[in-house]
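Q: Could you take a close look at one part of this model for me? I'd like a walk through a single spot first, and then a tour of what lies around it.

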Amino acid sequence: MQTYHNTVSGKQTEAADHQEIFNPATGDSLGLAPLNSQHDVNVAVEAARMAQGAWARVSDQERREIVANVAQVLEENSEYLAGLVTQEQGKPLSGPGSRFEMQACVGWTKVPSSLELLPETVYEDDTRKDVLYRYPLGVVAAIAPWNWPLMIAIWQIIPAIRMGNTVVLKPSEYTPIATLEMVRLINQVLPPGVLNTVSGDGRIGAVLTSHPDINKIMFTGSESTGRRIIEASSQNLAPITLELGGNDAAIIMPGTEAAAISEGLFWGAFLNAGQTCACIKRLYVHENDYDAVVTALSDVASQVPIGDGMVESNLIGPLQNAMQYNKVKELVADARANGCDVMEFGDVPSTGYFLPLTLVGNARDGQRLVDEEQFGPALPIIRYSSLDDATASANRLSDALGASVWANSLEQAETIASKLEAGTVWVNQHGAIHPMVPFGGNKASGYGVEFGMEGLKGVTQSRVISIKK
Ligand code: TXE
């Protein structure tokens with residue numbers, strides 16, 4: 001059985017304990033991943049701390065070139081890493097799956113390598129000049145989830161490295177292998193100690209995020225863990241970027257042509273079998289359009305092949321783990337017991353954590369499937385009679401990562417979009433993130449933004465030099 005390793009100071013390390021990782025589609029063993037101790041975390045943080053000063057002194061131009069080299073390594077190893085992601089995480093190679101995830105990794109590496117944060121004269125008059133400079137923070141702890149294991153890790157580590165920080169990354173205990181391999185490969189073009197890993201569950205995450213030598217925490221995961229990380233950061237006062245998932249509402253404006261938007265709606269909700277932070281998780285449809293929308297979505301859902309993602313024709317894979325599989329099943333069972341119309345599509349394999357593509361009609365606010373983040377392939381569809389009601393419904397939860405408005409008229413859609421409380425409101429698309437466009441949650445979906453210039457600023461500390469003229 002293959003054993004995978006952490007990278008610390010540019011070297012592959014040995015661990016005393018390991019866990020076996022299994023393919024969620026087939027149950028096959030994929031190999032052993034390390035389970036680290038507190039001592040291992042200390043060693044990794046020390047490696048990152050020792051490397052940070054020299055990395056910060058590398059010229060900005062050279063760091064940009066090194067990050068561009070990282071993009072090249074990702075490109076060259078895309079097929080290998082995509083295969084690992086599919087076997088470990090479950091999303092198919094094809095469609096918006098693991099090859100798509102690798103393209104995103106490359107894009108989200110190239111863009112920061114092309115950006116520069118120049119000193120900014122924030123004030124000047126006859127008497128004074130004030131210039132804001134941005135410096136690295138130091139050692140960044142990156143805690144990644146299991147749904148887009150490589151892409152989200154890249155979102156966390158690349159801006160940090162680009163700005164002269166060093167990183168200790170902990171992948172999710174559900175999906176460590178692809179990440180450990182990606183980090184091993186990237187290290188071929190990075191100075192030793194710039195990017196290190198530790199592996200294990202939340203206990204190791206807690207040791208890392210509370211470590212006194214951590215200067216910044218990047219976290220994507222659940223709200224409850226986010227709260228624990230805020231508490232942990234009282235140990236080191238590290239600023240945190242928190243992306244805590246969402247329960248994104250989509251509102252279809254009255255009279256919108258259903259067939260024209262059904263494909264966009266479907267993938268907006270079922271991307272990665274719904275295991276995406278900014279997926280449509282509640283769909284609000286005007287009562288007059290309800291039947292047409294359900295028919296159009298059913299037409300798309302009935303044509304999407306489900307199965308082992310290593311088979312090129314499959315477009316939807318399994319849930320990644322038993323916890324998530326059981327959670328989605330429980331929420332759908334609750335909806336069924338409360339009178340919802342549960343419509344299931346797809347030939348579901350008998351092994352693995354597969355669930356059918358599920359539209360849940362006649363759903364209502366207050367039901368668990370509507371109010372809780374399902375993070376799976378089950379979309380509740382809720383009728384509304386007035387746009388004011390639909391807007392109030394969309395805004396009634398504390399989750400506020402994304403939202404979308406679907407309409408024939410862009411002008412009308414923008415009016416509703418401006419009333420929705422979310423970090424991003426999309427019009428006639430959902431989850432359409434871009435490496436230049438800041439992304440982050442409002443309310444309980446977190447704080448701080450990633451991507452673009454704002455994302456780079458989030459991994460720096462500002463210092464002002466104020467000169468008397
Ligand atoms: O999340 P956790 P889980 C949601 C989704 C899912 C639920 C639970 O609804 O059903 O969260 O998933 C690390 N200190 N999302 O249990 O626990 C952990 O090891 C430091 C939405 O997987 O938040 C992993 O690396 N780290 C989300 C990471 O936190 C800790 C994506 C995320 O795990 C820790 C994933 C601690 N005390 C789940 N405890 C999104 N935003 O897209 C755990 N971890």
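In which helix does M182 lie?

A: Keep in mind that this is a predicted model. M182 lies in helix α6, which covers residues 176-186.

Let's start with the side chain's surroundings. M182 counts as buried because its relative accessible area is 0%, and the cut-off for buried is under 20%. Setting aside neighbours within four places in sequence, M182 is in contact with L74, L81, L150, A153 and I154. There's also a long-range pairing to look at: M182 and Y80 are 102 residues apart in sequence, yet their C-alpha atoms sit 9.6 Å apart in space.

Now for the sheet. Six strands form an open sheet with mixed pairing, and the order is β9-β8-β7-β10-β11-β21. Its edge strands are β9 (195-197) and β21 (446-447), each of which pairs on one side only. Strand β8 (residues 166-170) runs parallel to β9, and 3 bridges join the two. One detail of that pairing is that L169 has T197 in β9 as its bridge partner. Helix α6 packs on this sheet, touching β8 and β9, and the direction of α6 makes about 150° with that of β9. As background, strands of a sheet pair through backbone hydrogen bonds, either parallel or antiparallel.

Another helix to look at is α4, residues 98-114. At 1.5 Å a residue, its 17 residues should span 24 Å, and the end C-alpha atoms are 25 Å apart, which agrees. Buried residues in α4 include M102, V106, W108 and V111. The buried residues of α4 pack against α2 (60-76), α3 (78-89), α5 (149-162) and α15 (452-457).

Further along the chain, strand β18 (residues 402-406) pairs with β19 in the parallel sense over 4 bridges. G402 has T424 in β19 as its bridge partner. Together, β18, α14 and β19 make a right-handed β-α-β unit. Strand β19 (residues 424-427) has alternating side chains: T424 and W426 point to one face and are buried, while V425 and V427 point to the other and are not.

Helix α14 comes up again with α13 (residues 387-395). In α13, A390, T391, S393, A394 and N395 are buried. What covers those buried residues includes α14 (410-417), along with β12 (248-252), β13 (280-286), β16 (378-384) and β20 (442-443).

Back to where you asked me to look: M182 is a buried residue in α6, and α6 is a helix that packs on the sheet at β8 and β9.

Definitions and conventions:
Residues numbered from 1 in each chain as written. Predicted model: local features only at pLDDT ≥ 70, side-chain atom pairs only at ≥ 80, totals over all residues. Heavy atoms only, no water. Buried < 20%, exposed > 50% of the residue type's maximum accessible area, 1.4 Å probe, protein only. Contact = heavy atoms within 4.5 Å. Expected span 1.5 Å × (residues − 1). Pairing = 2+ DSSP bridges. Right-handed = clockwise from strand over helix to strand, strands pointing away. Axes fitted to C-alpha atoms, helices over the stretch in contact; angles between N-to-C directions.
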